[in-house]
Amino acid sequence: MKKASVILTSALALGLLAGCGNNTNNAPAATNAPAETKAPAANATNAGTETAKYQDGTYYGTAEADAKTGWQSFAILTVEGGKITKADWNAFNVNTAGDLKKKVSEDGKYGMKEKGGAKADWHEQAATAEAFLIEKQDPAAITFNAEGKTDAVSGVSIGVNDFVVAAQAALAAGPAQAGALKDGGYHAEGAEFDPNNGFKSTVDLTVANGNVVAAKFSGVNKDGVDKQQYSADGKYGMKAAGAQAEWHEEIAKVQAYYVENKATAPALNDEGKTDAISGVSISVGEYFTLAEKALEGAK
């Protein structure tokens with residue numbers, strides 16, 4: 001459990017204001033989330049009576065991905081006139097990519113109320129936490145216990161520790177330049193099933209703060225079986241046929257390359273293969289074509 005609340009409470013005692021889950025797969029989606037950092041103190045006058053003053057701009061930061069669910073929280077904060085005027089707490093899934101957590105919750109697929117008996121769904125509770133941060137102007141005001149839960153924000157029963165850490169990381173990093181894409185989840189798939197292996201290629205991408213932050217290149221057969229999982233279960237058999245790695249291991253490297261290179265494809269030969277990604281011998285050209293198609297809706 002992160003010790004953000006202890007650190008920030010100590011900072012307050014010195015008279016400073018801080019400022020600056022779901023499906024998993026053996027081959028997780030690639031992600032380019034920035035490293036988590038601590039927020040430095042902001043300039044303030046008469047601490048305790050005036051809010052912290054921040055540099056105007058848009059801030060973006062993340063917490064660590066949840067090892068069980070794959071959800072990785074991020075915070076996008078807007079500062080105008082030295083104050084936080086907008087706060088967006090959301091998450092992308094490093095294992096599956098696709099839709100952001102708020103969208104999943106809004107569509108009723110997260111199921112906190114229906115399946116867990118909660119009084120409010122995740123996106124509703126997240127909005128309450130966002131409003132509290134805007135009111136208090138300081139992530140440290142959202143105190144939490146060892147389980148990440150808070151008594152500080154009425155109506156919020158979900159863990160808020162990742163929101164605090166992501167917001168604090170965002171403020172520490174300073175104003176960020178957003179990418180040109182629209183935030184959300186994007187999907188594209190091949191037109192038909194491969195007659196040789198029975199799979200149709202699929203691409204799922206997640207965009208946050210205008211950039212692709214997670215990608216999953218996979219496939220699905222007529223029975224709905226995921227190609228990465230099929231390979232991870234030892235059923236695709238590339239190593240048995242003489243390859244140095246299994247299919248899901250190679251495609252994971254391709255996903256990582258795509259995200260790390262800001263949604264840019266490598267040089268490809270006529271067979272759709274590349275020498276730009278070490279350890280990858282499979283044909284990958286179709287995945288980059290599908291990724292481009294998926295992002296058409298993000299422009």
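Which side chains meet in a salt bridge at 3.9 Å, N to O? Let's work through that one and a few others.

A note before we start: this is a predicted model, so local features need pLDDT of at least 70 and side-chain atom pairs count only at pLDDT 80 or more, while totals for chains, interfaces and linings use all residues. Residues are numbered from 1 along each chain as its sequence is written, and side-chain values use heavy atoms, with hydrogens and water left out.

**Exercise 1. Find the 3.9 Å pair and say how exposed each partner is.**

Step 1: recall that a salt bridge is a side-chain nitrogen of Lys or Arg within 4 Å of a carboxyl oxygen of Asp or Glu. Step 2: the pair is K136 and E135. Step 3: check accessibility, where buried means under 20% relative accessible area, exposed over 50%, and partly exposed in between (1.4 Å probe, protein chains only). K136 comes out partly exposed at 39%, while E135 is exposed at 55%.

**Exercise 2. Take the salt bridge between K216 and D226 and place both ends in the chain.**

Step 1: the N to O distance here is 3.2 Å. Step 2: for the elements, use DSSP runs numbered from the N terminus, helices being H or I with at least four residues and strands E with at least two. Step 3: K216 sits in strand β9 (residues 211–220), and D226 lies in the loop between β9 and α5 (227–232), 10 residues apart. Step 4: K216 is buried, with 7% relative accessibility.

**Exercise 3. Go through the other salt bridges, starting from the total.**

Step 1: the structure holds six. Step 2: one of them joins K103 to D107, with the closest N and O atoms 2.6 Å apart. K103 is partly exposed at 36%, and D107 is also partly exposed, at 38%. Step 3: look for a network, and you'll find D88, K102 and E130 linked by salt bridges.

**Exercise 4. Describe the largest nonpolar core and the surroundings of L77.**

Step 1: a nonpolar core is a set of buried Ala, Val, Leu, Ile, Met, Phe, Trp, Tyr and Cys residues joined through side-chain atoms within 4.5 Å. Step 2: the largest one has 30 residues, and L77, W89, L133, I142 and F163 touch the most other members. Step 3: β5 (71–80), β6 (83–93), α3 (122–136) and α4 (161–173) each give two or more residues, with α4 supplying the largest share, six. Step 4: leaving aside neighbours within four places in sequence, L77 has contacts (heavy atoms within 4.5 Å) that include Y59, I84, L133 and L171. Step 5: a second, separate core has 28 residues, among them A30, A188, Y287 and A298.
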